[in-house]
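Dear colleague,

I am passing on the structure below, together with some notes on its interior. Please read the notes with the model open beside them.

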Amino acid sequence: MVSVKSDANDTAPAANDTAPAAEDMERAVAIGEMPPAAANCNLLCLPWNLVCGYTTVNVREIQVAEYCGIVTAVRDEPGLYRQDVCGLSEKRVSTAVQVLDLPNAKVVDAGGAPVLVSAIVNYKVVDGLQALYNVENYGQFVFVNAQSVLKNIVGSRTYAELKTETASISLELERELQPVVDCAGVKIMSVALNELNYAPEIASSMLKKQAAGAMLEARQLIVQGAVQISQDAIVALEAGGKLKLSNDDKVRMVTNLLTVTCSDNDAQPTVSV
């Protein structure tokens with residue numbers, strides 16, 4: 001059942017009185033009375049007002065009624081409302097969570113390497129008046145400022161930090177962006193890095209560098225294992241005193257075991273006849 005709410009004086013909800021004021025705005029948008037010219041016009045058109053003077057506010061929506069440049073009502077509860085139509089200008093804004101996909105941007109990280117980075121921003125409007133009147137387009141306002149904050153934070157970290165510290169970076173992005181968009185009546189729900197890659201001009205070189213590092217680490221592990229195998233083999237052969245190995249025998253055995261264990265190819269045994 002649709003409820004009908006009449007607000008002849010178009011008073012604003014109390015929640016709007018406690019909304020935080022933007023520091024860079026000269027004055028907040030005030031809720032005023034209908035101008036006399038609009039009120040007189042609506043009296044002359046009373047029959048028409050009684051028939052057509054209704055509006056619907058949907059779920060997760062804020063509707064603002066404006067008469068001759070003066071805001072007279074802010075409605076954020078779903079339902080059917082009565083309002084005068086002469087001189088009326090309606091503005092609406094959604095309070096549902098919106099997703100902003102920041103495209104790839106080339107940024108030089110703290111190590112001097114150019115990287116391509118993108119992000120996902122989830123936000124919603126919490127103050128309809130600020131979103132509609134403090135900025136020209138609140139969606140574009142969030143988009144531009146989110147890109148700026150993303151570039152600043154990515155430029156202060158190295159590529160390795162961006163890859164490993166994703167949780168802390170997301171929190172920092174959200175913390176840095178929120179004060180910037182407060183004046184637009186927007187609340188940032190979350191910010192997360194979407195893609196992170198080296199720029200095409202250095203991607204090949206950086207992949208070779210990473211491959212070289214991985215190969216070096218693997219070689220170190222293989223050599224450590226081969227040395228341990230050689231030591232264990234000598235200890236096992238000399239256990240119980242049944243076999244005595246000279247230093248030359250030990251050197252020859254260690255050399256053969258290291259060659260077999262560390263080789264990239266299968267070893268070919270050679271038997272002396």
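Which element gives the largest share of the lining of the second largest cavity? That share, 3 residues, comes from α4, and α4 and α6 (166-181) each supply at least two residues of this lining; helices are DSSP runs of H or I, at least four residues, numbered from the N terminus.

This is a predicted model, in which local features need pLDDT of at least 70 and side-chain atom pairs count only at pLDDT 80 or more, while totals for chains, interfaces and linings use all residues. Residues are numbered from 1 along each chain as its sequence is written, and side-chain values use heavy atoms, with hydrogens and water left out.

The second largest cavity is lined by L102, V121, A146, V149, L150, L173, L177 and V191, which divide into 8 nonpolar, no polar and no charged residues (Ala, Val, Leu, Ile, Met, Phe, Trp, Tyr, Cys and Pro count as nonpolar, Asp, Glu, Lys and Arg as charged, and the others, Gly among them, as polar).

The largest nonpolar core (buried Ala, Val, Leu, Ile, Met, Phe, Trp, Tyr and Cys residues joined through side-chain atoms within 4.5 Å, buried being under 20% relative accessible area with a 1.4 Å probe, protein chains only) has 38 residues, and those with the most contacts inside it are V121, Y123, Y138, L177, V186 and I188. Helix α4 (residues 138-155) provides the largest share of this core, 7 residues. Apart from it lies another core, of 5 residues, including M34, A65, Y67 and A73.

Best regards

Definitions and conventions: Buried < 20%, exposed > 50% of the residue type's maximum accessible area, 1.4 Å probe, protein only. 1 Å grid on protein atoms, 1.4 Å probe; cavity = no way out; pocket = protein on both sides within 12 Å on 5 of 7 lines; lining within 4 Å.
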